[in-house]
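Reader: I should be grateful for a close look at the side-chain interactions of this chain, beginning with the charged pairs and continuing to the aromatic rings. Please state the criterion behind each term as it arises.

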Amino acid sequence: MCDDAQICFGSAAWLGRGLSCVCAQRRESDARPSFDLTPSEEECLQRLQNRIDIAYDSSIPEHQAALRALWNAVFPEEELHGLISEQWKEMGWQGKDPSTDFRGGGFISLENLLFFARHFPKSFKDLLWKQEGDRSAWEYPFAVAGVNITFMLIQMLDLEAVKPRTMVGAIFLKFLSENESAFDILYCIAFKLMDRQWLAMRASYMDFNTVMKATRCQLEREFLLEDITRLEELPSYSLLTL
């Protein structure tokens, strides 16, 4: 069990801890607004919620195949000895069985990692191998951090609500209705931004929650900028390289 001063990578307790920071939030006494959706936005939200609801299940062939695909995308020259293997630690999983780290983020967190590896391979590998900046001696574990980014974005966008209750959530659904991959793209942006914040704050392992809060706040600020009509126009999108 973790106390308040500890970080427990991959645990449900750690995943939810301290991520309620909202930069443009209303006072707690204020009623939370809701935003009406177009039929297209409702449909896109429902499909994304269906993805979010899928727990990772190591007995499902599709989930096994996705995990193998992630390995092959990252280590194409190295044969994976099994879905339970010490090799997974090379990618920043806590132990030899990645399924234990997916509990907080579900199958979508694996899909996010795989999307990142396939669509922005240079940025993905730069983060995996910590190739940029003056790094801490006690770095965050890459893959587990990725699961937590998925969880943070679900909270930030309030994606488990029937309708968005923040302007940020409403804006995101407009992006989603125009691009079915919007959540996956935002994940890539958030991961790269998190690492940039990590370096700027000269952070170490125990600072991870603070870095995640700063990342969320920066994303919220960018969503609320004027004249942003698509994710690719967010300032932090420019951090990504193919």
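Author: A salt bridge is a side-chain nitrogen of Lys or Arg within 4 Å of a carboxyl oxygen of Asp or Glu. By that criterion, a search of the whole structure yields 15 salt bridges. The model is predicted: local features need pLDDT of at least 70, side-chain atom pairs count only at pLDDT 80 or more, and totals for chains, interfaces and linings use all residues. Residues are numbered from 1 along each chain as its sequence is written, and side-chain values use heavy atoms, with hydrogens and water left out.

The framework should be set out before the pairs. Helices (H or I, at least four residues) and strands (E, at least two) are DSSP runs numbered from the N terminus. The protein chain has 9 helices and 0 strands. A residue is termed buried under 20% relative accessible area, exposed over 50% and partly exposed in between, with a 1.4 Å probe and protein chains only. Buried residues account for 50% of the 242 residues in the protein chain.

Two of the salt bridges join distant parts of the chain. In one, D36 pairs with K163, and their closest N and O atoms are 3.1 Å apart. D36 belongs to the loop between α1 (12-15) and α2, while K163 belongs to the loop between α6 and α7, 127 residues apart. D36 is exposed, at 65% relative accessibility, whereas K163 is partly exposed, at 31%. In the other, the side chains of R51 and D184 meet at 3.1 Å, N to O. This pair connects helix α2, which holds R51, with helix α8, which holds D184, across 133 residues. D184 counts as buried, at 6% relative accessibility.

The bridge between R216 and E220 has its closest N and O atoms 3.3 Å apart. Both residues lie in helix α9, 4 residues apart, about one turn of the helix. R216 is buried, with a relative accessible area of 6%, and E220 is buried as well, at 3%. In addition, E43, R47 and E180 are linked in a network of salt bridges.

The aromatic rings come next. Rings of Phe, Tyr and Trp (its six-membered ring) pair if their centres lie within 6.5 Å; planes under 30 degrees apart count as stacked, over 60 as edge-to-face and the rest as tilted. The structure holds 18 aromatic pairs. One of them joins W71 and F75: the ring centres are 4.4 Å apart and the planes stand at 45°, so the pair is tilted. W71 and F75 are both buried. F75 also pairs with W129, with ring centres 5.8 Å apart and planes at 70°, so this arrangement is edge-to-face. Because F75 lies in the loop between α3 and α4 and W129 in the loop between α5 and α6, the pair ties together parts that are 54 residues apart in sequence. F75 has a relative accessible area of 7%, whereas W129, at 42%, is partly exposed.

K130 takes a positive phi of about 50° just after α5. K130 also lies over the face of Y140, at 4.2 Å from the ring centre; the criterion is NZ of Lys or CZ of Arg within 6 Å of the ring centre and within 35 degrees of the ring normal. In α5 itself, S123, F124, D126, L127 and L128 are buried. The buried residues of α5 pack against α3, α4, α6 and α8.

F124 is also a member of an aromatic cluster with F116, F142, Y187 and F191. Contact means heavy atoms within 4.5 Å. Beyond its neighbours within four places in sequence, F191 is in contact with L113, F116, L127, Y140, F142, A145, G146 and I149.

A nonpolar core is a set of buried Ala, Val, Leu, Ile, Met, Phe, Trp, Tyr and Cys residues joined through side-chain atoms within 4.5 Å. The largest such core has 73 residues, among which F172 and F191 touch the most other members. Elements giving two or more residues to this core include α2 (39-52), α5 (121-128), α6 (142-156) and α9 (208-223). Helix α8 gives the most, with 12 residues. Finally, of the contacts between residues at least 6 apart in sequence, 70% join residues at least 24 apart.
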